[in-house]
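Open the model in your viewer and switch to a cartoon view. Keep the selection panel handy. The tour goes from strand to strand, then out to side chains.

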Amino acid sequence: MADIPPAQLEQMFQGMRSEAGWNTDADLLWGYFFTHGDPAPLRALAAHLAEQAYRIVKIYPTDDRSCFFLHAERIETHTPATLTARNDELNLVARQFGVEYDGMDAGPVEPPAPKRSRPWWRFWR
């Protein structure tokens, strides 16, 4: 269970602003991680999260295959308080599916790649 104290989240947000230079008052890409020894309950949770507008990145095993991770993500704007609420919500959902919520990460939202008028592999007009 990811139980992150509010003071630690405050430090995380301060680091994102000062060290990474991210605008934490705007959308970021938030990654959420869940774990279990069997991928089946993670697949069930992934289906549920997809219905809640999370993008499922993947379910993958650890190197020794002793457990599996589910990585889901969503573009959101958080404060330490709203992130605490999201963590509480995901801890509850994880318990309902019999898995463990392992925590989160964040990164900048990557703009979509521009569409090319002509694919790069075409050399004719």
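**Start in the sheet**

Select β1 and strand β3 (residues 68-76): nine bridges join the two, and they run antiparallel. This is a predicted model. To check the register, pick L29; its bridge partner in β3 is I75.

Now add strand β4 (residues 100-107). Seven bridges join β4 to β1, again antiparallel. Here, pick T35 and look for its bridge partner in β4, E100.

How enclosed is β1? Seven of the nine residues of β1 (residues 28-36) are buried, so the strand is largely enclosed by the rest of the structure.

Next, bring in β2. Six bridges pair β2 with β3 in the antiparallel sense. I56 stands opposite A72 in β3.

Show the four strands together. They form an open sheet in the order β2-β3-β1-β4, with antiparallel pairing. At the edges are β2 (55-61) and β4, each pairing on one side only. On average, neighbouring strands of this sheet are turned by 20° against each other, direction ignored.

**Add the helices**

Turn on α1 (6-18). It lies across β1 and β4 and runs at about 135° to β1. Then turn on α3 (80-96). α3 lies across β1, β3 and β4, running at about 145° to β4.

**Look into the core**

Which residues have the most contacts inside the largest nonpolar core? Select W30, Y32, F34 and L49; the core they belong to has 22 residues. At least two residues of this core come from each of α1, β1, α2 (39-51), β3, α3 and β4. In soluble globular proteins, nonpolar side chains tend to be buried together.

Centre on Y32 and show what it touches. Beyond residues up to four places away in sequence, the list includes Y54, L70, A72, L83, L90 and M104. H71, E76, H78 and R86 are also among its contacts.

**A buried glutamate**

Select E73, in strand β3. Is E73 buried or exposed? Its relative accessible area is 10%, so E73 is buried. Now display R55: a polar contact of 2.5 Å joins the side chains of E73 and R55. Leaving aside neighbours within four places in sequence, E73 is also in contact with L29, W30, G31, Y54 and V57.

**A stacked pair**

The structure holds four aromatic pairs. For one of them, select Y60 and F69: the ring centres are 5.7 Å apart and the planes are at 20°, so the pair is stacked. The cut-off for stacking is planes under 30 degrees apart. Colour the two by accessibility. Y60, at 26% relative accessibility, counts as partly exposed. F69 is buried, with a relative accessible area of 18%.

**Last stop: I4**

Go to I4, in the segment before α1. Which residues does I4 touch, not counting those up to four places away in sequence? They are L9, N87 and M104. M104 should still be in your Y32 selection, as Y32 touches it too. Finally, draw a distance from I4 to D88. These two are 84 residues apart along the chain, and their C-alpha atoms are separated by 9.6 Å.

Conventions:
Residues are numbered from 1 along each chain as its sequence is written. This is a predicted model: local features need pLDDT of at least 70, side-chain atom pairs count only at pLDDT 80 or more; totals for chains, interfaces and linings use all residues. Side-chain values use heavy atoms; hydrogens and water are left out. Buried means under 20% relative accessible area, exposed over 50%, partly exposed in between (1.4 Å probe, protein chains only). Two strands pair if DSSP finds at least two bridges between them. Contact means heavy atoms within 4.5 Å. A nonpolar core is a set of buried Ala, Val, Leu, Ile, Met, Phe, Trp, Tyr and Cys residues joined through side-chain atoms within 4.5 Å. A polar contact is a pair of N or O atoms within 3.5 Å; within protein, one must be able to donate a hydrogen and the other to accept it, and residues adjacent in sequence count only if both atoms are side-chain atoms. Axes are lines fitted to C-alpha atoms, for helices over the stretch in contact, and angles run from 0 to 180 degrees between N-to-C directions. Rings of Phe, Tyr and Trp (its six-membered ring) pair if their centres lie within 6.5 Å; planes under 30 degrees apart count as stacked, over 60 as edge-to-face and the rest as tilted.
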